[in-house]
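Hello,

Here is the structure you asked for, with notes on its pockets below. Please look through them before you set up anything on your side.

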Amino acid sequence: MSIRSVIVGCGAHLPAKIVTNDDLAKLVDTSDEWIQQRTGIKQRHIAADGELTSDLAIAASQKALERAGISGADLDLIVLATTTPDQTFPATAATVQAKLGMLGGAAFDVQAVCSGFIYALAIADNFIRVGQAKNALVIGAETFSRILDWTDRGTCVLFGDGAGAVVLKAEPASEEGVRRGILSTHLHSDGRHRDLLYVDGGVSSTKTVGHVRMNGKEVFRHAVQRLAEVVDESLTANGLTQADIDWLVPHQANRRIIDSTARKLSLSTDKVVVTVARHGNTSAASIPLALAEAVEDGRVRQGDLVLLEAMGGGLTWGAALVRW
Ligand code: UT7
């Protein structure tokens with residue numbers, strides 16, 4: 001009998017502090033009009049001094065566990081996607097594990113920048129499918145504000161901080177086939193384009209944390225093309241068509257990229273979960289933040305087909321199809 005991963009709980013957490021476009025216009029030569037027109041972003045949440053990626057991750061995870069009706073002690077796997085870990089090591093997942101009271105199993109971090117949540121979800125799903133985990137916590141958590149160059153208007157206006165988490169539970173697939181759960185995941189990367197979006201620091205290279213550097217136009221071009229491809233790939237793999245999709249929950253980098261993917265899928269905008277205006281780009285956290293919101297407010301319902309997709313530094317990109 002085959003095993004499938006079912007999402008049984010979602011949670012999200014945002015830092016209290018909100019920074020508006022007008023606030024940023026006092027720091028760099030920009031305007032609310034430019035930021036909204038080019039990105040759709042109106043504001044972002046920024047972590048307070050001393051508020052760490054693990055703090056955001058733990059708050060989101062506690063909500064996801066509560067919704068799932070299990071405790072940290074019931075978990076046997078944590079996969080945490082982040083580009084902004086608390087420390088170089090141990091993994092931020094280890095801090096989350098300890099604070100959630102999870103005493104066994106395995107906890108580790110995954111680094112795929114803005115595609116991190118899709119990568120983490122795919123890894124946890126595969127652990128469950130082969131029987132190596134039964135209750136997995138998948139987290140996307142970031143304090144991206146810590147690696148921004150607050151004098152670079154081309155990047156500092158784009159990103160925000162936050163965390164989202166989902167609990168996956170192993171369930172036997174029914175005899176007639178999969179009724180619900182993660183249908184498939186699809187991961188890609190192309191390291192030849194690593195210089196399009198990177199941080200100009202690191203333990204081995206410069207011994208500094210560094211700042212985000214991006215060739216926005218080129219990343220935009222790749223994103224539109226690669227996301228269209230991976231969305232097609234995930235539908236084809238499941239014998240499904242665009243018309244079967246109930247909800248698109250995309251990585252929230254830019255409203256124009258999201259609209260382009262929705263147009264390619266002939267999806268009306270009310271079938272797309274969009275949080276970029278309020279959250280900005282929260283990297284690995286953006287998909288689970290958006291998903292938690294749409295589940296909590298009742299938009300995503302049992303039986304719905306939900307498509308998750310993301311593109312980020314590396315370049316990395318991927319998608320997951322989930323029957324709710
Ligand atoms: O999540 C990971 C993946 N990341 C992404 O998907 C990001 C993809 N890229 C983008 O979203 C867009 O490329 C940006 C939003 C970053 C930029 O939009 P764009 O339409 O590609 O603008 P641009 O970079 O070509 O810049 C156009 C102009 C430039 O001025 P000149 O050279 O035309 O005089 C920039 O200097 O806008 C200027 N500019 C700004 N002006 C006001 C750049 N940033 C700003 C700013 N405020 N914040």
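The second largest pocket in this predicted model has a volume of about 670 Å³. Its lining is made up of 31 residues, and those closest to the centre are Leu158, Met214, Gly216, Phe220 and Asn254. Two or more lining residues come from each of α2 (32–39), α6 (153–156), α7 (216–237), α8 (255–264) and β12 (305–312). Of these, α7 contributes the most, with 6 residues. Sorted by class, the lining of the second largest pocket holds 17 nonpolar, 8 polar and 6 charged residues. Domain 1 (3–172) and domain 2 (181–323) each supply at least three residues to this lining.

Now the largest pocket, which encloses about 850 Å³ of space. It is lined by 36 residues, with Thr83, Thr84, Pro85, Gln111 and Ile147 closest to its centre. The elements that give two or more residues to this lining are β5 (106–110) and β9 (197–199). The largest share is from β9, at 3 residues. By class, the lining of the largest pocket divides into 17 nonpolar, 14 polar and 5 charged residues.

Where does the largest pocket lie with respect to the two domains? It lies between domain 1 (3–172) and domain 2 (181–323), because both give residues to its lining.

Regards

Technical notes. Residues are numbered from 1 along each chain as its sequence is written. This is a predicted model: local features need pLDDT of at least 70, side-chain atom pairs count only at pLDDT 80 or more; totals for chains, interfaces and linings use all residues. Side-chain values use heavy atoms; hydrogens and water are left out. On a 1 Å grid over the protein atoms alone, a cavity is a set of points where a 1.4 Å probe fits but cannot get out, and a pocket is an open set with protein on both sides within 12 Å along at least five of seven lines; lining residues have an atom within 4 Å of a point. Grid points are joined across faces, edges and corners, and a volume is the space filled by probe spheres set on the points. Helices (H or I, at least four residues) and strands (E, at least two) are DSSP runs, numbered from the N terminus. Ala, Val, Leu, Ile, Met, Phe, Trp, Tyr, Cys and Pro count as nonpolar, Asp, Glu, Lys and Arg as charged, and the others, Gly among them, as polar. Domain bounds come from an automatic or database domain assignment.
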